[in-house]
Amino acid sequence: MFQDESFMKKYAPYYIKGTGYTIFLAVIGVLCGSVLGTLLALMKLSKNKLFKGIAVVYIEYVRGTPLLVQIFLVFFGLNVIGVNLSALASSCVALSLNSGAYVAEIIRAGLNAVDKGQAEAARSLGMSQKKAMQYIIMPQAIKNILPALGNEFVTVIKESSVVSVIGVSELMFQAGVVRGASFKPFLPILIASFIYFILTFTLSRALGVAERRIGAND
Ligand code: ARG
């Protein structure tokens with residue numbers, strides 16, 4: 001299968017470019033998703049019914065519809081309202097909007113996992129709600145949130161393959177190009193799968209180490 005040495009030489013640049021795009025999409029998706037997710041989580045936990053309602057509807061809707069559909073919605077929807085974004089920019093938006101909903105739940109769960117007594121103790125020491133959140137709740141919640149955020153990163157690396165449907169030249173798209181150019185149906189996809197695996201496996205190993213470090217600080 002790999003005897004064709006020139007295959008790798010010829011097509012390596014496609015995979016390198018694709019991997020670059022895949023990493024870029026995942027990083028943007030998780031970063032923007034985290035900002036949006038934090039906001040949504042705070043909205044969902046707030047006492048304001050309107051904020052809470054908006055967050056609940058958004059999170060449920062995004063988690064209840066396929067990413068594939070959301071990508072089309074963003075790509076063509078923006079066009080309909082007269083905003084012309086490139087496929088790459090639309091993909092960044094769609095991945096961020098999608099990830100935001102999942103991150104919101106991660107953050108909400110992380111905050112809820114901190115014992116209620118912690119907030120009560122902080123409040124009884126005279127801290128304001130905001131200070132208690134900032135100095136007592138958040139630092140403890142981070143320990144639950146960070147590992148889950150790492151997993152979200154792994155998920156988004158894999159899920160970013162879906163944006164190949166609107167022609168973003170990430171890894172899966174490039175594998176398709178190589179398939180067409182080489183007339184080989186299987187090998188290009190197999191190589192893409194190896195690259196995805198290397199990315200996600202390395203990342204989850206690194207996360208495991210980081211998690212143990214955080215745990216050791218307890
Ligand atoms: N594949 C699923 C979907 O299409 C899961 C998406 C998961 N996304 C995430 N950011 N964790 O909806």
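How far does a polar side-chain atom of E159 lie from a nitrogen atom of the ligand? In this predicted model, the separation between that E159 atom and the ligand nitrogen is 3.0 Å. Two further polar contacts can be described in the same manner. An N or O atom in the side chain of E152 is placed 2.7 Å from a nitrogen atom of the ligand. The contact of L67 involves the backbone instead: one of its polar backbone atoms is 2.9 Å from an oxygen atom of the ligand. Considered alone, the ligand exposes 350 Å², and the protein buries 75% of that area.

The shell around the ligand may be considered next. Its residues are T65, P66, L67, N98, S99, Y102, E152, T155, V156 and E159. Sorted by chemical character, the shell consists of 4 nonpolar, 4 polar and 2 charged residues. Two elements, α4 (87-112) and α6 (129-159), each give two or more residues to this shell. The largest contribution is that of α6, which supplies 4 residues.

From the ligand, the description turns to the protein that surrounds it. Its secondary structure consists of 8 helices and 0 strands, so that, by the DSSP runs used to assign elements, the order from the N terminus reads α-α-α-α-α-α-α-α. The C-alpha trace spans about 70 × 50 × 20 Å along its principal axes. The protein has 218 residues, of which 38% count as buried. Its exposed surface amounts to about 12500 Å², with carbon and sulfur atoms supplying 67% of that area. As to how the chain contacts itself, consider the contacts with a separation of 6 or more: 76% of them are between residues 24 or more positions apart.

One residue of the backbone deserves separate attention. Where does F183 sit in the protein? F183 is found in the loop that joins α7 (171-182) to α8 (187-216). Its phi is positive, at about 60°, although F183 is not a glycine. In general, most residues other than glycine have a negative phi. Is F183 buried or exposed? With a relative accessible area of 74%, F183 is exposed, since a residue counts as exposed when this value is over 50%.

Key:
Residues numbered from 1 in each chain as written. Predicted model: local features only at pLDDT ≥ 70, side-chain atom pairs only at ≥ 80, totals over all residues. Heavy atoms only, no water. Near = heavy atom within 4 Å. Polar contact = N/O pair within 3.5 Å; in protein donor to acceptor, adjacent residues only side chain to side chain. Areas by Shrake-Rupley, 256 points an atom, 1.4 Å probe, with all protein chains shown as cover. Nonpolar A, V, L, I, M, F, W, Y, C, P; charged D, E, K, R; others polar. Buried < 20%, exposed > 50% of the residue type's maximum accessible area, 1.4 Å probe, protein only. Contact = heavy atoms within 4.5 Å.
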